[in-house]
Amino acid sequence: MEIEKVKCLIIGSGPAGYTAAIYASRAGLNPVLYQGIQPGGQLTITNDVENYPGYPDGINGPQMMDDFKRQAERFGTDVRYGIATAVDFSSQPHKVTIDDQTVIEAHTVIISTGASAKWLGLESEARLNGSGVSACAVCDGFFYRKQDVAIVGAGDTAAEEATYLANLCNKVYMIIRREEMRASTIMQERVKNTPNIEIIWNSVTDEILGQHAVEGVRLRNVLTDELQEIPVTGFFVAIGHQPNSDIFKDYLNLDENGYIRTIPGTSKTNIDGVFACGDVQDYTYRQAVTAAGSGCMAALDAERYLAASNIH
Ligand code: NDP
């Protein structure tokens with residue numbers, strides 16, 4: 001196996017990874033960044049990003065991530081295709097295997113592998129993704145203001161996003177597969193007290209309707225098998241996220257949902273020299289701007305760790 005030695009290895013290419021790369025390369029750490037399975041991360045499946053400061057006219061997600069990448073490369077980040085397939089954090093330098101064939105020995109590792117939204121798995125959901133189907137109400141709710149939308153899910157995320165959408169939209173149908181919600185009591189109360197949210201219990205999505213844009217949703221009642229069609233222009237999926245942390249689980253402390261635990265107020269993990277930023281360690285905010293901010297923290301933490309360890 002080929003072995004390469006680096007000072008700073010960044011795994012993942014969303015806003016967190018590229019921001020870490022911009023800071024690390026400007027600090028002279030000569031970072032190598034592997035882009036992972038989805039170069040550019042979750043923003044590459046969004047259309048317009050209108051809430052990232054500095055883009056007053058909005059920008060499309062893939063273009064924005066290309067800008068981030070070019071900015072990182074401008075200062076010397078070595079951006080590469082490749083997926084981290086295994087790690088060994090048992091001793092310094094840490095070892096990360098890429099594509100099962102190259103081992104990188106890194107004094108610092110910045111993990112920015114993100115999280116992936118869970119989807120229902122319908123063909124219509126994939127086809128209309130970005131054309132009315134979204135997994136992020138905060139990102140895309142604005143496009144459906146004063147319109148009728150549906151949201152699937154019954155956890156805290158779905159409850160939070162339903163109330164967020166209710167502020168913008170005319171009507172929000174919340175589609176719940178059982179006859180109770182998983183969300184915390186306070187969030188459930190908030191949903192139930194919002195007059196323009198209508199909960200449809202015991203129902204699953206049979207199909208999202210529309211050829212090129214969402215025009216409605218067909219629901220199936222799981223108790224009666226009865227079908228029902230509701231006209232909506234937006235369809236939000238909020239059935240959870242999966243943090244991309246699997247390969248780290250033997251070394252890093254994860255919470256019960258698989259998110260990497262960092263020391264509050266820092267990007268430090270339980271292993272010296274290993275830092276985490278972005279959605280792989282954050283289920284609360286999940287925004288491009290907060291991910292970018294935490295990427296900056298990770299690069300600064302890595303730089304300080306190298307200085308304190310006398311690694312030049
Ligand atoms: P959860 O796993 O808590 O909830 C997922 C929801 O989606 C469940 O209601 C589940 O239904 C439903 N679901 C899953 N698969 C399907 C499917 N195929 N069809 C229909 N419905 C489906 O995920 P969340 O993202 O809501 O929350 C993740 C964690 O983050 C939780 O611990 C949560 O408390 C936390 N969180 C906290 C917040 C806060 O404190 N402000 C905000 C957001 C999240 P079922 O109940 O039937 O299994």
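Visitor: Why are helix H5 and helix H6 called roughly parallel?

Guide: In this predicted model, H5 (residues 156-168) and H6 (residues 185-192) pack at an angle of about 30°, with their axes 9 Å apart. Angles under 35 degrees count as roughly parallel, so H5 is roughly parallel to H6. Their crossing is left-handed.

Visitor: Which residues in H5 and H6 meet?

Guide: On the H5 side they are Asp156, Ala159, Glu160 and Thr163, and on the H6 side Met187, Arg190 and Val191. By class, this contact has three nonpolar, one polar and three charged residues.

Visitor: What makes the ligand's pairing with the side chain of Arg182 a polar contact?

Guide: An oxygen atom of the ligand is 2.6 Å from an N or O atom in that side chain of Arg182. A polar contact is a pair of N or O atoms within 3.5 Å, so this pair counts. For the side chain of Arg177 the value is 2.9 Å, and for that of Asn257 it is 3.4 Å, so these pairs are within the cut-off too. Arg177 and Arg182 are also among the residues that come nearest, of the 15 around the ligand.

Visitor: What is there to notice about the peptide bond from Gln92 to Pro93?

Guide: That bond is cis, with omega near -10°. Most peptide bonds are trans. Pro93 lies in the loop between strand S6 (84-88) and strand S7 (94-98).

Visitor: And what is the phi of Asn202?

Guide: Phi is near 50° there, a positive value in a residue other than glycine. Most such residues have a negative phi. Asn202 sits in the loop between strand S13 (197-200) and strand S14 (203-209).

Key. Residues are numbered from 1 along each chain as its sequence is written. This is a predicted model: local features need pLDDT of at least 70, side-chain atom pairs count only at pLDDT 80 or more; totals for chains, interfaces and linings use all residues. Side-chain values use heavy atoms; hydrogens and water are left out. Axes are lines fitted to C-alpha atoms, for helices over the stretch in contact, and angles run from 0 to 180 degrees between N-to-C directions. Helices (H or I, at least four residues) and strands (E, at least two) are DSSP runs, numbered from the N terminus. Angles under 35 degrees count as roughly parallel, over 145 as roughly antiparallel, 65 to 115 as roughly perpendicular and the rest as oblique. A crossing is left-handed if the near helix is turned anticlockwise from the far one by less than a right angle, and right-handed if clockwise. Contact means heavy atoms within 4.5 Å. Ala, Val, Leu, Ile, Met, Phe, Trp, Tyr, Cys and Pro count as nonpolar, Asp, Glu, Lys and Arg as charged, and the others, Gly among them, as polar. A residue is near a molecule or strand if one of its heavy atoms lies within 4 Å of it. A polar contact is a pair of N or O atoms within 3.5 Å; within protein, one must be able to donate a hydrogen and the other to accept it, and residues adjacent in sequence count only if both atoms are side-chain atoms.
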